[in-house]
Amino acid sequence: MSDVMQSNKFKSIELPNRFALAPMTRTSAEPDGTPNSLMADHYEGYAKGGFGLLITEGTYTDDKASQGYANQPGIINEAQIAGWKTIVDRVHAAGSKFMVQLMHAGAQFQANHYTDQPMGPSAVMPKGAPLGFYGDQTQWQTPEAMTEADIKAAVDGFAQSAANARAAGFDGIEIHGANGYLLNQFLSTHFNTRDDNYGGALENRLRLVTKVVRAVRKAVGADYPVGIRLSQGTVTDPDYQLPEGAAGFRQIVEAVRDAGADFVHTTDGDVNRHHFTDGDQSLASVAAAVEGIELIINGNIDETNYQDVANQFPGALLAVGKKALANPDFVQRLKDGKEIADIDFAMLQPKATIGNELAWRRQNAA
Ligand SMILES: Cc1cc2nc3c(=O)[nH]c(=O)nc-3n(C[C@H](O)[C@H](O)[C@H](O)COP(=O)(O)O)c2cc1C
């Protein structure tokens, strides 16, 4: 019998169960990035729905080029910290723990309140087209290759935002190192064509990632949960593979652990997808084999497979995305043996805002 519904300790925090809400961008903050009451209702709903841990949507980290989407929240000034604090208090009152996801968009840049110029490891655009449900842009812009000074500013932004998140009452930090955003771009041989000590061999491509982990750890202190989300694929290129294969991914997990991360959060199209250039392991199984680091796993976890996944990865948290959108009370429904709905992507159209979701819910109310 799985312990998935039992309380458990995840580093220094006590969680009521092993379910986490996956981070999901909803582009519903104020235009200046301040979190608002609509977002408070939204996150509180998942806490009331039984998720032990919530992870926020990707939240920007500086007033330079980190923001990627219009109406994305930030955590860089007093108003934004205060906005998040209200939401954190509501989530805590409903019984869940809450981590912030800190995100720098890099080349995956569709709108920014502070600048029109994206920055990335190199002057290389993402594959495919921008995401329509996050904005109106139809073409990517060519990013500027980041200088040493730009890199330092980005690291400082992550560190200050982490300190701000602790001040807002969050229970931990998830650094966004996945899905094609800045840190993932540095790891990727598509985006990163640099010939300095941030490019080339994986050891160099890892340099910014480990710098950010170390800076965040230093900003929040030793006792506070810090982790990083990792993937191979990106939002517009889900099949990208690290040329270094499973051993390369293991090297990344070990490096972030050694830099001070308490956990990694692996995400793939399916938690059991075998998609390395070599061997037949999943991202989650490679990470699970690394000692001294906790695990959150994500990818197609639903009511049919959660027990198997929980048994396969003892102690790991199970992060749920689409099934949570469709059923904000997913965990409570499992406990009560109630029916679980499939997602209807119409709820995210024409934009993935909370307002459009609420309109869809009103229209589809039985
Ligand atoms: C509307 C939407 C927004 C998302 N925004 C983010 C985000 O801000 N940060 C992130 O790391 N992943 C984001 N994701 C990816 C999800 O966290 C998750 O990895 C993905 O939905 C796969 O998990 P699932 O199969 O449980 O849905 C988003 C997904 C959706 C559907």
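This is a short talk about one strand, its neighbours and the ligand site in the structure above.

Okay, so first off, this is a predicted model. I'd like to start with strand β9, residues 226-234. Is that strand buried or exposed? Well, nine of its nine residues are buried, so the rest of the structure largely encloses β9. Remember that buried here means under 20% relative accessible area.

Now, who sits beside it? On one side of our story there's strand β8, residues 172-179, which runs parallel to β9 and is joined to it by six bridges. If you want a pair to click on, try His176, which stands opposite Arg229 in β9. Then there's strand β10, residues 263-267, also parallel to β9, with four bridges between them. The pair to look at there is Ile228, which stands opposite Val264 in β10. And how does the chain get from β9 to β10? It goes through helix α7, residues 245-259, and that β-α-β crossover is right-handed.

Right, on to the ligand. There are 18 residues around it, and the ones that come nearest are Pro23, Thr25, Asn298, Asn300 and Lys322. For polar contacts, let me go through some distances to side-chain N or O atoms. Thr25 has one such atom 2.5 Å from a ligand oxygen. For Thr267, it's 3.2 Å, again to an oxygen of the ligand. With Tyr134, the ligand atom is a nitrogen, and the distance is 3.4 Å. How much of the ligand does the protein bury? Taken alone the ligand exposes 610 Å², and the protein buries 89% of that.

That's it from me, thanks.

Notes
Residues numbered from 1 in each chain as written. Predicted model: local features only at pLDDT ≥ 70, side-chain atom pairs only at ≥ 80, totals over all residues. Heavy atoms only, no water. Buried < 20%, exposed > 50% of the residue type's maximum accessible area, 1.4 Å probe, protein only. Helix = DSSP H or I, 4+ residues; strand = E, 2+ residues; numbered from the N terminus. Pairing = 2+ DSSP bridges. Right-handed = clockwise from strand over helix to strand, strands pointing away. Near = heavy atom within 4 Å. Polar contact = N/O pair within 3.5 Å; in protein donor to acceptor, adjacent residues only side chain to side chain. Areas by Shrake-Rupley, 256 points an atom, 1.4 Å probe, with all protein chains shown as cover.
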